[in-house]
Amino acid sequence: MCIHCRHAARVAARETRKRMMLRGGAVAIVAGLFITAGILGATAMRGRGEARHPAAAVVAPAAVAAPAAIVTPEPVVSTTAGTLATDTAANVAPAGNPSAGASGVNGPQTVPPFGPILPVGESPIAEGVTATRTDSSIVVSFDSPLVRTRKPEKFESLVRATLPAIYGRGADSALAHMPEGGLMRQGDLMAVLPTRGIRIPAGEAWEIRLYPETRTGQDGPIVVRYRVSLVGSSE
């Protein structure tokens, strides 16, 4: 056989082998796809079957095992006892409302609407101003050259600036209802207010009571502090 014939035979054999390998690969891929589809279909059918039947399997034993309901006879309450219970409840103060009780629902409020926000003891609240809190009252001292005063307008401005630092939002709200100059219109700063005091309404039945205090200065008495407390309006 000549060289050209042998070469042609080898080429033909190589092409034949390639075609056989391609056909075998295609057959393997198709078979793999069929197997995968069969597995997925079986899994889906098994999942649908389990989703249909477990509720019945669980409910049936529970229904069989459930004991019969036990009926407990209700106690008999007489009309007289019910009336007494109603009358007693009407005289008991509701929870969270300590003002109702012996004085009645419409009686005066016995709990202050707010209280001091300062700790017990001395606290600085402004430049040259300190507040000393005790169990009964708070004394605000401002005996420094730039703060102490004889002028009513300056003292009212000081009170409006420092009182919220003592009572917080409660004092803010109370002062907001007092017109500008309303504190000093209650009396003379040096002669009347140190003994009569300044009254600032703080809700129903309560007020902030404030007393200026003086000491002797070079030109006469001068206000150097004030004493303040939250008291009932009737006190």
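# Exercises on a predicted model

In the protein chain of this predicted model, confidence is highest in strand β3 (residues 138-141), at 98, and lowest in helix α3 (residues 79-90), at a mean of 42. The confidence score is pLDDT, the predictor's own rating of each residue from 0 to 100. Residues are numbered from 1 along each chain as its sequence is written. Because the model is predicted, local features need pLDDT of at least 70 and side-chain atom pairs count only at pLDDT 80 or more, while totals for chains, interfaces and linings use all residues; side-chain values use heavy atoms, with hydrogens and water left out.

## Exercise 1: Confidence

Find the stretches where pLDDT is below 50, and state how many contacts each has beyond near neighbours in sequence.

Solution.
- Start with the average: the protein chain has a mean pLDDT of 79, and 73% of the residues score at least 70.
- Residues 55-71 have pLDDT below 50, with one contact beyond near neighbours in sequence. Contact means heavy atoms within 4.5 Å.
- Residues 75-107 are also below 50, and this stretch has 12 such contacts in the model.
- Where pLDDT is low, the predicted coordinates should not be read in detail.

## Exercise 2: The overall plan

Write down the order of helices and strands along the protein chain.

Solution.
- Count the elements: the protein chain has six helices and six strands. These are DSSP runs numbered from the N terminus: helices are H or I with at least four residues, strands are E with at least two.
- Read along the sequence: the pattern is α-α-α-β-β-β-α-α-α-β-β-β.
- Check burial: of 235 residues, 24% count as buried. Buried means under 20% relative accessible area, exposed means over 50%, and partly exposed lies in between (1.4 Å probe, protein chains only).
- Check contact range: among contacts between residues at least 6 apart in sequence, 48% join residues at least 24 apart.

## Exercise 3: Strands β1, β2 and β3

Trace how β2 pairs with β1 and with β3.

Solution.
- Take β1 (residues 121-126) and β2 (residues 129-133): they run antiparallel, joined by five bridges. Two strands pair if DSSP finds at least two bridges between them.
- Locate one pair: E122 has T132 in β2 as its bridge partner.
- Look at the turn: this hairpin has two residues between the strands, and G128 takes a positive phi near 75°.
- Move on to β3: it pairs with β2 in the antiparallel sense over four bridges. T130 stands opposite S141 in β3.
- Close the link: four residues form the hairpin connection from β2 to β3.

## Exercise 4: Helix α4

Describe the length, the kink and the buried residues of α4.

Solution.
- Length: α4 (residues 152-167) has 16 residues and reaches 22 Å from its first C-alpha to its last, close to the 22 Å expected at 1.5 Å a residue. The expected span is 1.5 Å times one less than the number of residues.
- Kink: about 25° at A161, shortly before the proline P164. The bend is the angle between axes fitted to the seven residues ending at a residue and the seven starting there.
- Burial: the buried residues include F155, L158, V159, T162 and I166.
- Helix rule: an α-helix has 3.6 residues a turn, so residues three or four places apart point the same way.
- Exit: just after α4, G168 takes a positive phi of about 70°.

## Exercise 5: Two side chains

Compare the surroundings of K154 and R209.

Solution.
- K154 lies in α4. K154 is partly exposed, at 33% relative accessible area.
- Leaving aside neighbours within four places in sequence, K154 contacts L146, V147, R148 and T149.
- A polar atom of the K154 side chain lies 3.0 Å from the backbone oxygen of L146.
- R209 sits in strand β5. R209 counts as buried, at 7% relative accessibility.
- Beyond neighbours within four places, the contacts of R209 include I198, R227, V231 and E235.
- The side chains of R209 and E207 share a polar contact of 2.6 Å. A polar contact is a pair of N or O atoms within 3.5 Å; within protein, one must be able to donate a hydrogen and the other to accept it, and residues adjacent in sequence count only if both atoms are side-chain atoms.
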